[in-house]
Amino acid sequence: MKRRTVVTVVGLLAVGWGLAVAIAPGLATMFPLQEVFVKVVGVLAFVQGLRVIQQRRRTDVEGAETGDPETNVTLPTPGQEFDELLRTVHSGHRKRLIRSRKELRQRLERSLVAAITRRDGCSVDEARTQIETGRWTDDPEAAAFLGGPSAPRRSWREWLRRSLGSETAFQRRARKTADAVAQYVEESQ
């Protein structure tokens with residue numbers, strides 16, 4: 001006989017005996033096998049455990065599949081868009097160059113107008129007047145970049161000294177103006 005058949009027969013006999021004892025409890029006292037019964041059940045449990053271990057050794061190990069971990073979302077660096085726009089004002093066709101410069105100045109001016117109106121509680125027209133006269137900053141180069149004819153201007157010596165750098169004069173002045181606007185905004189908070 002096969003082991004499986006023997007185990008099945010023994011299991012069925014044990015279940016049948018258990019049902020018989022449940023129906024007629026007097027059958028349990030019929031055989032005085034208390035110690036022997038516990039030992040037999042222990043041996044059967046041990047044999048069944050060995051059988052399961054042997055069967056498991058013959059099968060392949062299967063691992064659980066894990067899902068993909070969350071991916072990091074990369075957010076743009078503050079000021080990255082401004083830096084990209086600043087890089088484009090020095091290359092390309094003349095029309096594109098003029099349009100990029102105009103857009104950059106307008107963005108800086110809009111930011112500054114919003115900061116002045118918020119900080120000083122004045123109207124948009126009064127804020128534009130401050131920008132045209134250069135009263136919003138102590139930096140003459142930043143005031144000249146956004147200001148009108150009455151704004152302070154750079155000296156020729158300053159222009160010559162700054163012209164020898166890697167950035168164009170427009171890029172340097174735009175960056176300096178952006179720094180001055182950021183400083184103005186920080187002071188207002």
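# A briefing on an all-helix chain

Let's start with one residue: arginine 51 sits in helix α2, which covers residues 34-57. Keep in mind that this is a predicted model. The chain has eight helices and zero strands, so reading from the N terminus you get α-α-α-α-α-α-α-α. Of its 189 residues, 21% count as buried.

**Arginine 51 and the start of the chain**

- Arginine 51 has a relative accessible area of 28%, and that makes it partly exposed.
- Arginine 51 and arginine 3 are 48 residues apart along the chain, and their C-alpha atoms are separated by 9.4 Å.
- For the chain as a whole, take the contacts between residues at least 6 apart in sequence: 46% of them join residues at least 24 apart.

**The nonpolar core**

- The largest nonpolar core is made of 23 residues.
- Which residues have the most contacts inside this core? They are Leu104, Leu112, Ile116 and Trp136.
- Five helices each supply at least two residues of the core: α3 (80-88), α4 (94-120), α5 (124-133), α6 (140-146) and α8 (169-188).
- Pick out leucine 112 and look around it: setting aside residues up to four places away in sequence, it touches Ile131, Trp136, Leu146, Val181 and Tyr184.

**How α3 packs on α4**

- The axes of α3 and α4 are 9 Å apart, and the two helices pack at an angle of about 145°.
- Their crossing is left-handed.
- On the α3 side, the contact is made by Glu81, Phe82, Leu85, Leu86 and Thr88.
- On the α4 side, the residues are Arg96, Ser100, Glu103, Leu104, Arg107 and Leu108.
- Sort the residues of this contact by type and you get five nonpolar, two polar and four charged.

**Valine 89, in the loop between α3 and α4**

- Valine 89 is found in the loop between α3 and α4.
- Is valine 89 buried or exposed? Its relative accessibility is 0%, so it counts as buried.
- Leaving out neighbours within four places in sequence, valine 89 is in contact with Leu97, Ser100, Arg101, Leu104, Phe170 and Gln171.
- One of those partners, phenylalanine 170, is 81 residues away along the chain, yet the C-alpha atoms of valine 89 and phenylalanine 170 are separated by 8.3 Å.

**How α4 packs on α5**

- Helices α4 and α5 meet at an angle of about 115°, with their axes 9 Å apart.
- This crossing is right-handed.
- Helix α4 brings Glu109, Leu112, Val113, Ile116, Thr117 and Asp120 to the contact.
- Helix α5 brings Val124, Ala127, Arg128, Gln130 and Ile131.
- By type, the residues of this contact come out as six nonpolar, two polar and three charged.
- Two names here may ring a bell: Leu112 and Ile116 are also among the residues with the most contacts inside the largest nonpolar core.

**Salt bridges**

- How many salt bridges are there? The count comes to two.
- In one of them, the side chains of glutamate 109 and arginine 128 meet at 2.9 Å, N to O.
- Glutamate 109 belongs to helix α4 and arginine 128 to helix α5, so this pair ties together parts that are 19 residues apart in sequence.
- Glutamate 109 is partly exposed because its relative accessibility is 25%.
- Arginine 128 is partly exposed too, at 35% relative accessibility.
- The side chains of lysine 176 and aspartate 139 also form a salt bridge, at 4.0 Å, N to O.
- That pair links distant parts of the chain, with lysine 176 in helix α8 and aspartate 139 in the loop between α5 and α6, 37 residues apart.
- Lysine 176 has 25% relative accessibility, so it counts as partly exposed.

**A closer look at aspartate 139**

- Where is aspartate 139? You can find it in the loop between α5 and α6.
- Why does aspartate 139 count as buried? Its relative accessibility is 18%, and buried means under 20%.
- Aspartate 139 and alanine 180 are 41 residues apart in sequence, but C-alpha to C-alpha they are 7.5 Å apart in space.

Methods:
Residues are numbered from 1 along each chain as its sequence is written. This is a predicted model: local features need pLDDT of at least 70, side-chain atom pairs count only at pLDDT 80 or more; totals for chains, interfaces and linings use all residues. Side-chain values use heavy atoms; hydrogens and water are left out. A nonpolar core is a set of buried Ala, Val, Leu, Ile, Met, Phe, Trp, Tyr and Cys residues joined through side-chain atoms within 4.5 Å. Buried means under 20% relative accessible area, exposed over 50%, partly exposed in between (1.4 Å probe, protein chains only). Helices (H or I, at least four residues) and strands (E, at least two) are DSSP runs, numbered from the N terminus. Contact means heavy atoms within 4.5 Å. Axes are lines fitted to C-alpha atoms, for helices over the stretch in contact, and angles run from 0 to 180 degrees between N-to-C directions. A crossing is left-handed if the near helix is turned anticlockwise from the far one by less than a right angle, and right-handed if clockwise. Ala, Val, Leu, Ile, Met, Phe, Trp, Tyr, Cys and Pro count as nonpolar, Asp, Glu, Lys and Arg as charged, and the others, Gly among them, as polar.
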